[in-house]
Amino acid sequence: MSEDAADELLLRLRRFQSDYFPLHQQRFQDLVAEGQHPKTLFIGCSDSRLVPYLLTGTGPGELFIVRNVGAFIPPYDGSHGLHGTMAAIEYAVLTLHVERIIVCGHSHCGAIRAAYEGVPEEAVALQAWLKLATEALLPVQPCAEAMRRTEQRSVVLQLERLMDYPMVRREVEGGRLTLHGWHYVIEAGEIHIFDVRQGNFVPASLASSSGTGPYQPYVEHDGQIISD
Ligand SMILES: [Zn+2]
């Protein structure tokens with residue numbers, strides 16, 4: 001067996017450059033010449049079944065992506081810890097000036113399950129990290145329905161934490177940034193979008209927007225909630 005045949009990953013790297021790259025060469029070179037100007041910060045779970053570019057029909061230069069276990073947002077406590085997710089949020093908002101932030105959880109999330117069931121003792125960082133979902137947990141046995149609800153509650157919880165970031169709150173309140181809470185149902189291929197007006201998640205096929213998060217400015221008028 002040749003080395004190449006044994007190293008499938010190496011073959012794929014070569015295939016990218018020989019087959020895919022030529023089709024998009026100009027786009028990549030423009031992105032180098034002009035720099036990146038993505039309008040979206042996508043914060044998603046690390047789960048391998050969640051594929052942001054496929055879901056959103058986007059390509060190079062369109063998504064600034066940060067992924068972590070569970071798609072969690074660390075609390076903004078000003079402690080200046082070494083935190084990649086916090087750094088990415090600051091960079092996306094203050095330097096890239098993104099127009100939207102998507103927080104994307106998903107069905108069958110191992111992080112949410114682990115938040116209920118625990119992780120190996122040696123995984124000390126993971127244990128601490130999973131506490132970021134604690135407030136979303138339900139006082140029930142984690143059946144399928146409870147898991148789905150917890151996954152969705154976690155998305156909303158993370159959006160709330162995002163609003164504690166001063167630069168996020170400022171941009172959202174100024175109408176320059178929107179927050180989108182998504183729950184991806186892997187087996188159905190459908191995103192469910194958090195609708196702040198209804199207070200629940202609506203399938204993309206029925207939703208009126210891709211989500212404006214819980215803090216899009218709105219006013220109540222004559223019993224109706226009207227977009228500002
Ligand atoms: Zn997950």
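This tour goes from the whole chain to its core, and then to one helix.

The model is predicted, so local features need pLDDT of at least 70, side-chain atom pairs count only at pLDDT 80 or more, and totals for chains, interfaces and linings use all residues. Residues are numbered from 1 along each chain as its sequence is written.

**Whole chain.** Show the protein chain as a cartoon. It has 8 helices and 8 strands. These are DSSP runs numbered from the N terminus: helices are H or I, at least four residues, and strands are E, at least two. Of the 228 residues, 27% count as buried. Buried means 20 or more other C-beta atoms within 10 Å of a residue's own; exposed means 12 or fewer; partly exposed lies in between; C-beta atoms are placed from the backbone.

**Core.** Select Leu-41, Ile-43, Ile-101, Val-103, Cys-104, Ala-133 and Trp-182. They have the most contacts inside the largest nonpolar core, which has 42 residues. Such a core is a set of buried Ala, Val, Leu, Ile, Met, Phe, Trp, Tyr and Cys residues joined through C-beta atoms within 7 Å. Helix 7 (residues 144-162) gives the most to this core, with 5 residues.

**Helix 8.** Now select residues 166-173. Which residues of helix 8 are buried? Val-168, Glu-171 and Val-172 are. They fall within an arc of 100° (directions from the helix axis to the C-beta atoms), so they line one face of the helix. Pro-166, Arg-170 and Glu-173 are exposed on the other side. Add helix 4 (84-95), helix 7 and strand 4 (178-185): the buried residues of helix 8 pack against them. Finish at Gly-175, just after helix 8, with its positive phi of about 75°.

Technical notes: Two residues are in contact if their C-beta atoms, placed from the backbone, lie within 7 Å.
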